[in-house]
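User: Could you take a close look at the largest pocket in this model for me? I'd like to know what lines it and how it sits in the picture of the whole chain.

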Amino acid sequence: MSPAVAASSAGQARATGILSAPIYAAPPNIPDANVMAHMQQFQAIADRNGGNRAHGRPGYKASIDYVKGKLDAAGFRTTLQSFTHNGATGWNLTADWTSGDANQVVFLGAHLDSVTAGPGMNDNASGSAAALETALAVSREKLVTQKKLRFGWWGAEELGLIGSRYYVNALPAAERAKIKSYLNFDMVGARATTTWGVYNDNASIQQMFQAYFRGKGIPTRTMNIGGRSDHASFSRVGIPVGGIGSGNDPCYHQRCDTITNVAATVMGVATNAAAHGAWTLSGATVAVREPAAA
């Protein structure tokens, strides 16, 4: 629903006093510059910390501190979870928005670590930045949702999905059951992207993203990356998963995976697609108050 239609419907609801049906909100258009500001920060962090943001390295902890600081300031309830792998401490970060049914969770996530060879701007500062800017848009809009929105940033993905697997394994069965969908964003900034990959793990989520891109006139392809990213940690315990990807690039897992390896326009597409998923699956609504009594 366009903002104009939502506003018109809200006005009609106020006039009639019929407020039983929710009025669904459309996400805002998130500027490319917003998400690129986070990419610049991740590049600067890598530059200050040995050229990478890998598990157990100072650049990773600085990256997660940056994300947490933004989310705390935006009003999210954040949780840092530590784990140990290869003798080094790793970190996961989750952030819950304030509205929505806590028994029905819509989860968006991305791995935050790079390989040791380079700063990991496409893989995967791109997905981390898209998820972060989507969360900040939720805060700016003071979004009211029917389901609880949760965001996650995972450590040590490059070493075998270590962080996300640790998170899922630590969840009691009752908490896992509350997660109704998980959307993954891994490598969503490749400069030459013209056709977007859409995960085929869950038909409903796949169709949601395909319809979104079709409405924007952007071609898609089916994407099956199996167990090679963090969605697999959720899928293996029966949680419906989906996601999008821009694909590999010539600098995959190399030193040249710098900020020049991603495109602002591609990052903008990824972030707005992520926001569409968040708004749609969480049941984001327009807040309408009943008219005052005469």
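**The largest pocket**

Analyst: Let's start with helix H9, residues 264–282: of everything in the chain, H9 gives the most to the lining of the largest pocket, namely seven residues. Keep in mind that this is a predicted model. In total, 20 residues line the largest pocket, and those nearest its centre are Ala 26, Pro 27, Tyr 212, Lys 216 and His 276. If you sort the lining by class, you get eleven nonpolar residues, seven polar ones and two charged ones. The space inside comes to about 370 Å³.

It helps to set the second largest pocket beside this one. That pocket holds about 310 Å³ of space. Its lining counts 16 residues, with Asp 186, Met 187, Arg 228, Asn 248 and Tyr 252 nearest the centre. By class, the lining of the second largest pocket splits into five nonpolar, six polar and five charged residues.

Now for the chain around them. Helix H9 belongs to a chain with nine helices and ten strands. The radius of gyration is 19 Å, and a compact globule of 294 residues would be near 19 Å, so the chain agrees with that expectation. Along the principal axes, the C-alpha atoms fill a box of roughly 65 × 40 × 35 Å. Buried residues account for 52% of the 294. As for contacts between residues at least 6 apart in sequence, 80% of them join residues at least 24 apart. On the outside, the accessible surface is about 12,100 Å², with 51% of that belonging to carbon and sulfur atoms.

Conventions. Residues numbered from 1 in each chain as written. Predicted model: local features only at pLDDT ≥ 70, side-chain atom pairs only at ≥ 80, totals over all residues. Heavy atoms only, no water. 1 Å grid on protein atoms, 1.4 Å probe; cavity = no way out; pocket = protein on both sides within 12 Å on 5 of 7 lines; lining within 4 Å. Points joined across faces, edges and corners; volume = space filled by probe spheres on them. Helix = DSSP H or I, 4+ residues; strand = E, 2+ residues; numbered from the N terminus. Nonpolar A, V, L, I, M, F, W, Y, C, P; charged D, E, K, R; others polar. Rg over C-alpha atoms; globule rule 2.2 N^0.38 Å. Buried < 20%, exposed > 50% of the residue type's maximum accessible area, 1.4 Å probe, protein only. Contact = heavy atoms within 4.5 Å. Areas by Shrake-Rupley, 256 points an atom, 1.4 Å probe, with all protein chains shown as cover.
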